[in-house]
Amino acid sequence: MSQKPKSPSRIDFPGIADDQATVMDRQTERVQPPKMYRVVLLNDDYTPMEFVVMVIQEYFHKDQESATRIMLQVHLEGKGVCGVYTKDVAATKVEQVVDRSREAGHPLQCTMEEA
């Protein structure tokens, strides 16, 4: 008694008759990249420029020159983008900046907007 060789695409399921088995084709699922958000500092007339530069360096890991450029953009244009992050990271950075500003007694505003 020789057994019939199984074809490579055939899968046997114990306890299930051949006419009851259904094999579904594998569907590829495309995963979309996460939405990105810009973290933005808003200008005010009270927060010292040095404090803004320090915040940008500390929380956004910018060098002195980049931090100063962003601070001047905030000062001259009313707002400046500090970085682009995923939603959770952006929200955390906004919260950290606002908390640090309040601790220092400054009204600096930080927001996030979809990129």
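The following exercises, each with a worked solution, concern the predicted model shown above.

Residues are numbered from 1 along each chain as its sequence is written, and side-chain values use heavy atoms, with hydrogens and water left out. In this predicted model, local features need pLDDT of at least 70 and side-chain atom pairs count only at pLDDT 80 or more, while totals for chains, interfaces and linings use all residues.

**Exercise 1. The chain as a whole**

Determine how many helices and strands the chain has, and in which pattern they follow along the sequence.

Solution.
Step 1. Helices (H or I, at least four residues) and strands (E, at least two) are DSSP runs, numbered from the N terminus.
Step 2. The count gives 3 helices and 3 strands.
Step 3. Reading along the sequence yields the pattern β-α-α-β-α-β.
Step 4. For contacts (heavy atoms within 4.5 Å), consider those in the chain with a separation of 6 or more: residues 24 or more positions apart account for 70% of them.
Step 5. Of the 115 residues, 26% count as buried. Here buried means under 20% relative accessible area, exposed over 50%, and partly exposed in between (1.4 Å probe, protein chains only).

**Exercise 2. The two sides of helix α3**

State which residues of α3 are buried and which are exposed on the other side.

Solution.
Step 1. Helix α3 has 17 residues and spans 24 Å from its first C-alpha to its last, close to the 24 Å expected at 1.5 Å a residue. The expected span is 1.5 Å times one less than the number of residues.
Step 2. The buried residues of α3 are Ala90, Lys93, Val94, Val97 and Ser101. They cover an arc of only 100° around the axis, and therefore lie on the same side of α3. The arc is that of the directions from the helix axis to the C-beta atoms.
Step 3. On the other side of α3, the residues Asp88, Glu95 and Glu103 are exposed.
Step 4. The cover over the buried residues of α3 includes β1 (36–42), α1 (49–60), β2 (79–86) and β3 (109–114).

**Exercise 3. The surroundings of Val97**

Decide whether Val97 is buried or exposed, and list what Val97 is in contact with beyond its neighbours within four places in sequence.

Solution.
Step 1. Val97 belongs to helix α3 (residues 87–103).
Step 2. Val97 counts as buried because its relative accessibility is 0%.
Step 3. With its neighbours within four places in sequence left aside, Val97 is in contact with Leu41, Val55, Tyr59, Phe60, Leu108 and Cys110.
Step 4. Take Phe60 from this list. Phe60 and Val97 are 37 residues apart in sequence, and their C-alpha atoms are 9.8 Å apart in space.

**Exercise 4. Two histidines and the sign of phi**

Establish where His61 and His106 lie, and whether each is buried or exposed.

Solution.
Step 1. His61 lies in the loop between α1 and α2 (64–77). His61 is exposed because its relative accessible area is 65%.
Step 2. Most residues other than glycine have a negative phi. His61, however, has a positive phi, near 55°, and is a residue other than glycine.
Step 3. A positive phi, near 80°, is also found in Gly105, which follows α3.
Step 4. His106 is in the loop between α3 and β3. His106 is buried, with a relative accessible area of 18%.
Step 5. Apart from neighbours within four places in sequence, His106 is in contact with Thr47, Pro48, Phe51 and Ser101.

**Exercise 5. The salt bridges**

Identify the residues that are linked in a network of salt bridges.

Solution.
Step 1. A salt bridge is a side-chain nitrogen of Lys or Arg within 4 Å of a carboxyl oxygen of Asp or Glu. The structure holds 2 of them.
Step 2. Arg38 forms a salt bridge with Glu113, with the closest N and O atoms 3.1 Å apart. Arg38 lies in strand β1 and Glu113 in strand β3, so this pair ties together parts that are 75 residues apart in sequence.
Step 3. Lys79 and Glu113 also meet through their side chains in a salt bridge (3.7 Å, N to O). Lys79 lies in strand β2 and Glu113 in strand β3, so this pair ties together parts that are 34 residues apart in sequence.
Step 4. The network thus consists of Arg38, Lys79 and Glu113.
Step 5. Lys79 counts as partly exposed at 41% relative accessibility. Arg38 is partly exposed at 26%, and Glu113 is partly exposed at 26%.
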